[in-house]
Amino acid sequence: MKIPNTLSLLLGTVLTIISLQWIFIPQSAAESLNMIYLEGEGRSTQIRDFTALFLTTAILCFISLITKQYQWIFSVGILYAIAGIFNVLAYLNHGAPLALSSLISEIIFSLMAFTAAFLFNSKNL
């Protein structure tokens with residue numbers, strides 16, 4: 001049971017740190033993702049959406065850690081897997097540059113989440 005707990009805690013901690021960057025130093029958080037720090041309502045949307053994404057997925061990791069229920073962290077895995085898919089599709093279909101560092105993070109996050117979910121669920125089989 002140590003591995004899924006560790007994965008949930010580690011992933012939740014990393015996602016919490018990223019969300020805190022979006023809350024307290026959003027310009028730096030945007031730059032870390034190679035993004036332009038937007039102006040006006042775009043900035044509000046950028047800060048709101050990225051904070052919501054990272055903070056919600058962190059909370060789901062911690063709920064899974066506390067309850068030992070795989071569904072919570074499995075949801076995190078789905079979200080980051082879909083983000084990775086659309087990262088590639090934006091590159092292939094819309095001429096966006098391939099955000100390789102983000103894609104690697106999305107793959108790692110989804111693998112961590114799916115592994116933890118599988119291990120949490122396997123104890124219930």
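This is a short tour of a pocket, a surface patch and two loop residues, to be followed with the structure open in a viewer.

Please keep in mind throughout that the model is predicted.

**Stop 1: the largest pocket**

Begin by selecting Leu33, Asn87, Ala99, Ser102 and Glu106, which are the residues of the lining that lie nearest the centre of the largest pocket. The space in this pocket comes to about 730 Å³, and 26 residues line it in total. Next, colour the helices α1 (2-24), α2 (26-32), α3 (40-67), α4 (70-94) and α5 (100-122), since these are the elements that give two or more residues to the lining of the largest pocket. Which of these elements gives the largest share of the lining? It is α5, with 6 residues. If you then colour the lining of the largest pocket by residue character, you should find 18 nonpolar residues, 7 polar ones and 1 charged one.

For orientation, rolling a probe the size of a water molecule over the atoms shows where empty space is left.

**Stop 2: the nonpolar surface patch**

Now switch to a surface view and select Phe74, Ile78, Ile82, Ile85, Phe86, Leu89, Tyr91, Leu92, Leu98, Leu100, Ile104 and Ile108, which together make a nonpolar patch of about 1,100 Å². Both α4 and α5 supply at least two residues of this patch, and the largest share, 8 residues, comes from α4.

Within the selection, pick out Leu92, which lies in helix α4. Is Leu92 buried or exposed? Leu92 counts as exposed because its relative accessibility is 57%, and the cut-off for that class is over 50%.

**Stop 3: two loop residues with positive phi**

Before selecting the next residues, it helps to recall that most residues other than glycine have a negative phi.

Go first to the loop between α2 and α3, where Asn34 is found, and check the backbone there: phi of Asn34 is near 60 degrees, a positive value in a residue other than glycine. With a relative accessible area of 67%, Asn34 is exposed.

Then move to the loop between α3 and α4, which holds Lys68. Phi of Lys68 is near 65 degrees, again positive in a residue that is not glycine. How exposed is Lys68? Its relative accessible area is 25%, so Lys68 is classed as partly exposed, a class that sits between the limits of under 20% for buried and over 50% for exposed.

Methods
Residues are numbered from 1 along each chain as its sequence is written. This is a predicted model: local features need pLDDT of at least 70, side-chain atom pairs count only at pLDDT 80 or more; totals for chains, interfaces and linings use all residues. Side-chain values use heavy atoms; hydrogens and water are left out. On a 1 Å grid over the protein atoms alone, a cavity is a set of points where a 1.4 Å probe fits but cannot get out, and a pocket is an open set with protein on both sides within 12 Å along at least five of seven lines; lining residues have an atom within 4 Å of a point. Grid points are joined across faces, edges and corners, and a volume is the space filled by probe spheres set on the points. Helices (H or I, at least four residues) and strands (E, at least two) are DSSP runs, numbered from the N terminus. Ala, Val, Leu, Ile, Met, Phe, Trp, Tyr, Cys and Pro count as nonpolar, Asp, Glu, Lys and Arg as charged, and the others, Gly among them, as polar. Patches are made of residues with over 30% relative accessible area and no salt bridge: like charges are joined within 9 Å, nonpolar side chains (Val, Leu, Ile, Met, Phe, Trp, Tyr) within 5 Å. Accessible areas come from the Shrake-Rupley method with a 1.4 Å probe; for residues, only the protein chains shown count as cover. A salt bridge is a side-chain nitrogen of Lys or Arg within 4 Å of a carboxyl oxygen of Asp or Glu. Buried means under 20% relative accessible area, exposed over 50%, partly exposed in between (1.4 Å probe, protein chains only).
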